[in-house]
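Colleague: I am new to this structure and would like a close look at a single part of it, with enough of the surroundings to see where that part belongs. Could you take me through one helix packing and explain your terms as you go?

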There are 2 protein chains.
Amino acid sequence: MKKSIRTICGSAIVVLALCCLMLSTAHAQAASDPLPSWNEGSAKQAIIKFVSATTTAGSAEFVPPGDRFATFDQDGTLWVEQPMYTQLVFALDRLVALAPGHPEWKTTEPFKSVIAGDRAAMAKFTMKDLEQIVVVTHTGMTDGKFAAIVKDWLAKARDPRWHRPFTDLAYLPMLELMRYLRTNGYKTYIVTGGGQDFVRTYANQVYSIPPEQIIGSALDMEFTYNDAGKAIMMRSPKLLLNNNFSGKPEDIYLFIGRHPQAAVGNSTGDREMLEYTQAGGKDSLMMLVLHDDPVREYAYGPAQGLPASKVGTFTQALYDEAKARGWNVISMKNDWKRIFAFEE
Amino acid sequence: MKKSIRTICGSAIVVLALCCLMLSTAHAQAASDPLPSWNEGSAKQAIIKFVSATTTAGSAEFVPPGDRFATFDQDGTLWVEQPMYTQLVFALDRLVALAPGHPEWKTTEPFKSVIAGDRAAMAKFTMKDLEQIVVVTHTGMTDGKFAAIVKDWLAKARDPRWHRPFTDLAYLPMLELMRYLRTNGYKTYIVTGGGQDFVRTYANQVYSIPPEQIIGSALDMEFTYNDAGKAIMMRSPKLLLNNNFSGKPEDIYLFIGRHPQAAVGNSTGDREMLEYTQAGGKDSLMMLVLHDDPVREYAYGPAQGLPASKVGTFTQALYDEAKARGWNVISMKNDWKRIFAFEE
């Protein structure tokens, strides 16, 4: 009895395998371009070549599926960071919302300038000013309370240029690139200078990246108990991880324990992450987004004569290092056919 | 043409589906006990009930696959920790191996006692003594160099009782439990007070847990460059994460961003991890291994009148909390049919 079942099954498997082969060929033709929002060019070619080399069994550059990691900066790489980081907009909005409970802020800097909406004064804020703003808006509550505040803000806030939710401002070519990598067995991580918990509230919805694959600047959380004796997690004002510059590879090592094969960034804060990726010694893909499209998005550098910017600084030295090391510089203007999903 | 292919495929699929159904029923009968090294009892029942409740679609306690996390302490929970933590054996062996290059150690404590093999003096080592030993044996080299040293030691070292590689001393019932959870969509993490990088060198081979799912005590690694300008990661003597007690849930939050559904430990250092797991508000499984089998392994507490131990202390207060909160205490003697894979 067993033998006859196996024989029938065997024939069925052969027929089915042939069917699958024919159907999958048809499917591959229909979905032949995994990166439809990218123009043909060296950046797109480099991506396709890298994925093919590292995922083709028998290739000298083959990477086993469990070892495939790709890390992405967020601000300016996955979504818009101009004229101000989204999380900073949140912090300022939150400060204004909290102001009625803190009458002393009306006469104390840096709060005073934020409440008054004094953009000139805010533009001169030091790192210490910004830290003070982050402390009063991001700490002192439980993890759950903070996530609820962020989600509520994201649902209501609109960006100043397109008048859309900030989460609409993700770059479509990057969403395609991350999906393409995942389809080929890569685990995609966000490695952001922004707050880990801030990004975790929307990353799954916007980028299909779950909380455990978000590496960011992080507070030294405090485990404690509420009045009912239940375990809770409080947001303390102490920074544990400053996930910028050399902090990026250090935290990648902490979370993943090895070199990624691919890394994408857009500013000097991403330099060390790309160097660490390349130092892995296998075939690797390092990319930097150059914001050179003042019409469809923004133009800033100061690399290549673009206007200087304190937000997402891309220096000429970084550009020169990219060229020297064989990293790919993505020209937003030339390499991206379409920037946002909401564009016609 | 297309239509006729689809018709043939359709028939093949129906036949194959029937075959699969018959074969999988046979398979399910053969593999009906996912935990063969566990005796029937309340611990085993609790595991099966928890997995069934959280993975059955339509169940009130159903947890979506992407949200299924289980965290395991290592020393004393997944493998033997007596008479001394394995990593401490490594540190002492390493110190002796390095001693010829450090003649000054012969006259300086705590190194002197280690080199002399003075067990009585070593038993009195303070935390500061142990820290000094860890610094000279675990830091000052690259990540890759350290991993190579650990792997080399693990290949040669033998435990003092069974005279086997330390990696043979993993508990078979726990390997079964982790595999059972993974088969049911759970991501298994190790959350250890031991060194993250030490555990990462063998965890994939021993526990089928990859480096990115190892949370442990961790150094503040230093990204820098070698003489050739290549990015490297150096092991600095500064501790970043002390992954014990409240550090466990804090680091689980850092790495995973939410409560696990299951947590297993064996000592006071695991208490907060289990409390945090239970506080997740869904169906959850909290377990503590009680070492009450002096014949097949070791017996220590001091809970339930067992001998006190500085290594893996399980206090009566922890035992009482477990009973009060409905956690499962696993009796190694009564709940485990077989402890090691190498046993007959």
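Modeller: I will start with the whole chain, go on to the helix packing, and end with some surroundings.

This is a predicted model, in which local features need pLDDT of at least 70 and side-chain atom pairs count only at pLDDT 80 or more, whereas totals for chains, interfaces and linings use all residues. Residues are numbered from 1 along each chain as its sequence is written, chains are lettered from A and ligands numbered from 1 in the order in which they are written, and side-chain values use heavy atoms, with hydrogens and water left out.

Chain A has 14 helices and nine strands, these being DSSP runs numbered from the N terminus (helices are H or I with at least four residues, strands E with at least two). Its C-alpha atoms fill a box of roughly 85 × 60 × 40 Å along the principal axes, and 51% of the 344 residues of chain A count as buried (under 20% relative accessible area with a 1.4 Å probe and protein chains only; exposed is over 50%, and partly exposed lies in between). Where contacts in chain A join residues at least 6 apart in sequence, 64% of them link residues at least 24 apart, contact meaning heavy atoms within 4.5 Å.

Now to the packing itself. In chain A, the axes of helix H2 (residues 42–55) and helix H8 (residues 172–183) come within 11 Å and cross at roughly 15 degrees; such axes are lines fitted to C-alpha atoms, for helices over the stretch in contact, and angles run from 0 to 180 degrees between N-to-C directions. H2(A) and H8(A) are therefore roughly parallel to each other, since that term covers angles under 35 degrees (over 145 is roughly antiparallel, 65 to 115 roughly perpendicular, and the rest oblique). The crossing of H2(A) past H8(A) is right-handed, that is, the near helix is turned clockwise from the far one by less than a right angle. From H2(A), the residues A:Ile47, A:Ile48, A:Phe50 and A:Val51 meet A:Leu177, A:Tyr180 and A:Leu181 of H8(A). By class, this contact has seven nonpolar, no polar and no charged residues (Ala, Val, Leu, Ile, Met, Phe, Trp, Tyr, Cys and Pro are nonpolar, Asp, Glu, Lys and Arg charged, and the others, Gly among them, polar).

In chain B, the axes of H2 (residues 42–55) and H8 (residues 172–183) come within 11 Å and cross at roughly 15 degrees, and H2(B) passes H8(B) in a right-handed crossing. Here B:Ile47, B:Ile48, B:Phe50 and B:Val51 of H2(B) make the contact with B:Leu177, B:Tyr180 and B:Leu181 of H8(B), and by class there are seven nonpolar, no polar and no charged residues.

As for the surroundings, A:Leu130 is found in helix H6 (residues 127–138) of chain A and, at 24% relative accessibility, counts as partly exposed. Leaving aside residues up to four places away in sequence, A:Leu130 touches A:Leu88 and A:Phe125. Between A:Leu130 and A:Leu88 there are 8.6 Å from C-alpha to C-alpha, although they are 42 residues apart in sequence.

Chain B also holds an open sheet of seven strands in the order E6-E3-E2-E1-E7-E8-E9, with mixed pairing, where two strands pair if DSSP finds at least two bridges between them. Within chain B, strand E1 (residues 69–72) pairs with strand E2 (residues 187–195) in the parallel sense over four bridges, and B:Ala70 stands opposite B:Thr188 in E2(B).
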